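Hi there,

Here is the structure I promised to pass on to you. Have a look at it first, and then read my notes underneath.

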Amino acid sequence: MFSIKGVRVTTSITWFSPENTRLIVQFDDHLEWPEFHTAIRQAHRMITPVPNSVDLIILDKAGLPKGNPLSHFREAFKQQPSNLNLVVVVPKQDVSATTAFLKRIAN
């Protein structure tokens, strides 16, 4: 847990399987893009030394920050370790935010 601009944020990064085949990044509270990138870099550092393929699961309970998410996702994907197999993003279950995001993509 740490602060960005005085706002308390909670992010956890944990192995989901004892074989280190699945890693979960969970955003629980307020999320800003710098925190997103910091967590993804840390996840990549944890995945890199693993000798097998790893799936990354991102649980976003906080909701996406303001701004264009595609540019931030593109930046994160550029830095992926070679053994990263699958990335699954589970968005916040907020219908209005999801609808707004899809409308932004469509435009």
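Let me start with the surface of the protein as a whole: about 6,700 Å² is exposed, and carbon and sulfur atoms supply 57% of that area. Please keep in mind that this is a predicted model. Of the protein's 107 residues, 36% count as buried.

Next, the fold. You will find 3 helices and 6 strands in the protein. If you walk along the chain from the N terminus, the elements come in the order β-β-β-β-α-β-α-β-α. Contacts tell you something about how the chain comes together: among those between residues at least 6 apart in sequence, 70% join residues at least 24 apart.

Now to the aromatic rings. How many aromatic pairs are there? With ring centres required to lie within 6.5 Å, the count comes to 4 aromatic pairs. One of them is formed by Trp33 and Phe36, whose ring centres are 5.3 Å apart, with 85 degrees between the planes, an edge-to-face arrangement. Both residues sit in helix H1, which covers residues 33-47, and because they are 3 residues apart there, about one helical turn separates them.

Are these two residues buried or exposed? The cut-off for buried is under 20% relative accessible area. Trp33 has 7% relative accessibility, so Trp33 counts as buried. Phe36 has 5%, so Phe36 counts as buried too.

Trp33 also has a partner further along the chain. Its ring and the ring of Phe73 have centres 6.2 Å apart and planes at 85 degrees, so this pair is edge-to-face. Trp33 belongs to helix H1 and Phe73 to helix H2 (residues 69-78), so the pair ties together parts that are 40 residues apart in sequence. Trp33 and Phe73 are both buried. If you look at the ring pairs together, they link Phe27, Trp33, Phe36 and Phe73 into a cluster.

Finally, go back to the outside of the protein. Which residues form a nonpolar patch on the surface? They are Leu86, Val88 and Val90, and together they have about 200 Å² of accessible area. Leu86 is found in strand E6, which spans residues 84-90. Partly exposed means between 20% and 50% relative accessible area; Leu86 has 43% relative accessibility, so Leu86 falls in that class.

When you open the model, try finding the ring cluster of Phe27, Trp33, Phe36 and Phe73, and then turn to the surface patch of Leu86, Val88 and Val90.

Best wishes

Key:
Residues are numbered from 1 along each chain as its sequence is written. This is a predicted model: local features need pLDDT of at least 70, side-chain atom pairs count only at pLDDT 80 or more; totals for chains, interfaces and linings use all residues. Side-chain values use heavy atoms; hydrogens and water are left out. Patches are made of residues with over 30% relative accessible area and no salt bridge: like charges are joined within 9 Å, nonpolar side chains (Val, Leu, Ile, Met, Phe, Trp, Tyr) within 5 Å. Accessible areas come from the Shrake-Rupley method with a 1.4 Å probe; for residues, only the protein chains shown count as cover. A salt bridge is a side-chain nitrogen of Lys or Arg within 4 Å of a carboxyl oxygen of Asp or Glu. Helices (H or I, at least four residues) and strands (E, at least two) are DSSP runs, numbered from the N terminus. Buried means under 20% relative accessible area, exposed over 50%, partly exposed in between (1.4 Å probe, protein chains only). Rings of Phe, Tyr and Trp (its six-membered ring) pair if their centres lie within 6.5 Å; planes under 30 degrees apart count as stacked, over 60 as edge-to-face and the rest as tilted. Contact means heavy atoms within 4.5 Å.
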